[in-house]
Amino acid sequence: MNSRIIFFDTTLRDGEQSPGVALNLKQKIEIAKALVELGIDVIEAGFPVTSPGDFQAVQALAKELKGVTVAALARANPKDIDTAWEALKGAESPRIHTFIATSDIHMKYKLKKTKEEVLELAKNAVSYAKSLVPDVEFSAEDATRSDREFLAQVVLEVVRAGATTVNIPDTVGYTVPQEYHDLIKYLIEQLIKAGYEESLREGTLRISVHCHNDLGLAVANSISAVLAGATQIEGTINGIGERAGNAALEEIIMTLKTRADFFKSKLGYEPEVNINTTKIVPVSQLVSKYTGMVIQPNKAIVGANAFAHESGIHQHGVLCERSTYEIINPEDIGWTGSAIVLGKHSGRHAIAYKLESLGWHLSKEQIDRVFERYREEVKDILRQVEDAYLEGIVLDLLLENEYRYKLLSSQVISVLSGSLKPIAQVEIEDKREGRRVSVGLGVGPIDAAYKAVAGALGYTFEREKDKKPLKLVDFHIDALSGGTSAEGICAVILEDEAGRRSAGLGRDGDIVIASLKALIKALNRREAYLEKGEKLKASL
Ligand code: KIV
Ligand code: ZN
């Protein structure tokens, strides 16, 4: 079999068929260019007959893209094929991709045609497409639920009619790896028997696979097909697509790369993967941004947690030697590196590593004390501990909680309805400027209290002139137990215009007071860092 694997990306066609996704032309061009940089061989740009918008998009992409084959989809009829060709004409390397369903269920209920009629339509469509362009792909829709002998007959006939790629889609995500492997192997055997071995070896004829993910097996099925001799793989970035989506190309690429040893042992050669893997994460994030389809954090390869380590044992392992818990170097696929995430299960090694990376070169005893505080104050409270909390603990320890502001008293009035607004009054001792009293109105009592504090200390959360602007990037309150008398814990992260973050936690039986304590803590840590942080770091 030809060792070069052709990657066929259908993010802009099957991917765009995801519910709720609509890409504009500019976005399509940007994604397509990113796919070219990634090293994708064929980009399916759209299904031109379905709408003028799709037609124009294919036409624009065909003209714009260089160094890649541009494919357009067409049902097995002259009108669809003509429209696809019309849209593709300007392409450097055009491909017409025509399809018809071959399963009994589709032929009977959707097409209302007999096997003989479908075979005829398939042959004619390929011959007609071939009269327009040398590169023709044929897909037997719902191939995995088709009668095997009939499918083989269709495959042979379309190859005789000129198809250079024959795609065997698992349209409804129904097959399982072993079954799909056997089907691909069987079809290749039929082609070899019919005299096409040389073309398959040269790569002038390819069997392609196109898997949907209804049972979560799209990637596994695609991989099993490669082991059976398929040399073109179709899929989308991030696995987007109809229903449960298509096979995620980034996962297939990295499986072939990472386990090249295994594929070589089974196939007798290493599958050639001409992909610039460092572009995987950027293209994944671009597709997510434009489609609005969020990448689940635990998604393989491109999920935010794919290279994040939270448990103490794993963090220790990765810090000693990355390969203990990582099978891919994250930098090879475009991440900036492994992420040590502080959380409930993090241990001393991770804390020491984080402190060092934040520029706090503490002694062993100091690290032990930070770790103790971390365990007492935040470990069981926060699901994920931002660096700002850790830095806050260091400042508390080094400055022995000697901070600038102290909340002396506060009073808050809630309002049920009408034209009145919740109002808060705060009294704060500022070690430098003396006692400050201020009043704030807000949407609710906490909002009013925060405005009062901001007013008292010269800050603003609302970009008021001549005040120091701050953004509240995180604010949440949790109850530490059940019932109305439960202690509330408030977590606050502030960010200034320079992007510096400071964090604070506050606990109290009154959630407004807990919120105020958290804010004052975060403000104190911020002021302390700005005044003394760098000097403290340098002195360690
Ligand atoms: O899933 C499918 O069968 C398809 C074909 C049109 C290739 O998307
Ligand atoms: Zn599909």
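**Ligand surroundings, zinc coordination and charged pairs**

In the predicted model, ligand 1 is surrounded by Arg13, Asp14, His97, Phe99, Ser139, Glu141, Asn167, Pro169, Thr171, His210 and His212. Three of these side chains approach oxygen atoms of the ligand: a polar side-chain atom of Thr171 lies 2.6 Å from an oxygen atom of ligand 1, a polar side-chain atom of His210 is placed 3.1 Å from an oxygen atom of ligand 1, and an N or O atom in the side chain of His212 is found 3.0 Å from an oxygen atom of ligand 1. Of the 260 Å² of accessible area that ligand 1 has on its own, the protein covers 94%.

The surroundings of ligand 1 include residues that also serve the metal site. The zinc ion (ligand 2) has as its protein donors Asp14 (OD), His210 (NE2) and His212 (NE2), which lie 2.0 to 2.2 Å from the ion, and Asp14, His210 and His212 are likewise listed among the residues around ligand 1. Along the sequence, the donor residues of the zinc ion follow the spacing D-x195-H-x1-H. Both histidine donors are classed as buried, since the relative accessible area is 5% for His210 and 5% for His212, and buried residues are those under 20%.

Charged side chains were examined next. Across the whole structure, a search finds 50 salt bridges, of which several are described here. Side chains of opposite charge can pair when their charged atoms come close. One such pair is formed by Asp261 and Arg259, whose side chains meet with an N to O distance of 3.2 Å; Asp261 is partly exposed at 48% relative accessibility, and Arg259 is also partly exposed, with a relative accessible area of 42%. In a further salt bridge, between Arg322 and Glu326, the closest N and O atoms are 3.4 Å apart. Here the two partners fall into separate accessibility classes, because Arg322, at 26% relative accessibility, counts as partly exposed, whereas Glu326, with a relative accessible area of 4%, is buried.

A third pair is formed by Glu527 and Lys468, whose side chains meet in a salt bridge at 3.6 Å, N to O. This pair links distant parts of the chain, as Glu527 belongs to helix H18 (residues 511–539) and Lys468 to strand E17 (residues 468–479), the two residues being 59 residues apart. Glu527 counts as buried because its relative accessibility is 10%, which lies under the 20% limit for that class, while Lys468, at 35% relative accessibility, counts as partly exposed. Beyond these pairs, salt bridges also link Glu386, Lys471, Glu495 and Arg501 in a network.

A nonpolar feature was found at the surface. Ile413, Ile423, Val439 and Leu441 together make a nonpolar surface patch of about 330 Å². Of the residues in this patch, Ile413 is located in strand E13, which spans residues 405–413. Ile413 counts as partly exposed because its relative accessibility is 45%, and this value meets the requirement that patch residues have over 30% relative accessible area.

Conventions: Residues numbered from 1 in each chain as written. Chains lettered and ligands numbered in written order. Predicted model: local features only at pLDDT ≥ 70, side-chain atom pairs only at ≥ 80, totals over all residues. Heavy atoms only, no water. Patch = residues over 30% accessible without salt bridge, like charges linked within 9 Å, V, L, I, M, F, W, Y side chains within 5 Å. Areas by Shrake-Rupley, 256 points an atom, 1.4 Å probe, with all protein chains shown as cover. Salt bridge = Lys/Arg side-chain N within 4 Å of Asp/Glu carboxyl O. Helix = DSSP H or I, 4+ residues; strand = E, 2+ residues; numbered from the N terminus. Buried < 20%, exposed > 50% of the residue type's maximum accessible area, 1.4 Å probe, protein only. Donors = N, O, S within 2.8 Å, 3.2 Å for Na, K, Ca; no water. Near = heavy atom within 4 Å. Polar contact = N/O pair within 3.5 Å; in protein donor to acceptor, adjacent residues only side chain to side chain.
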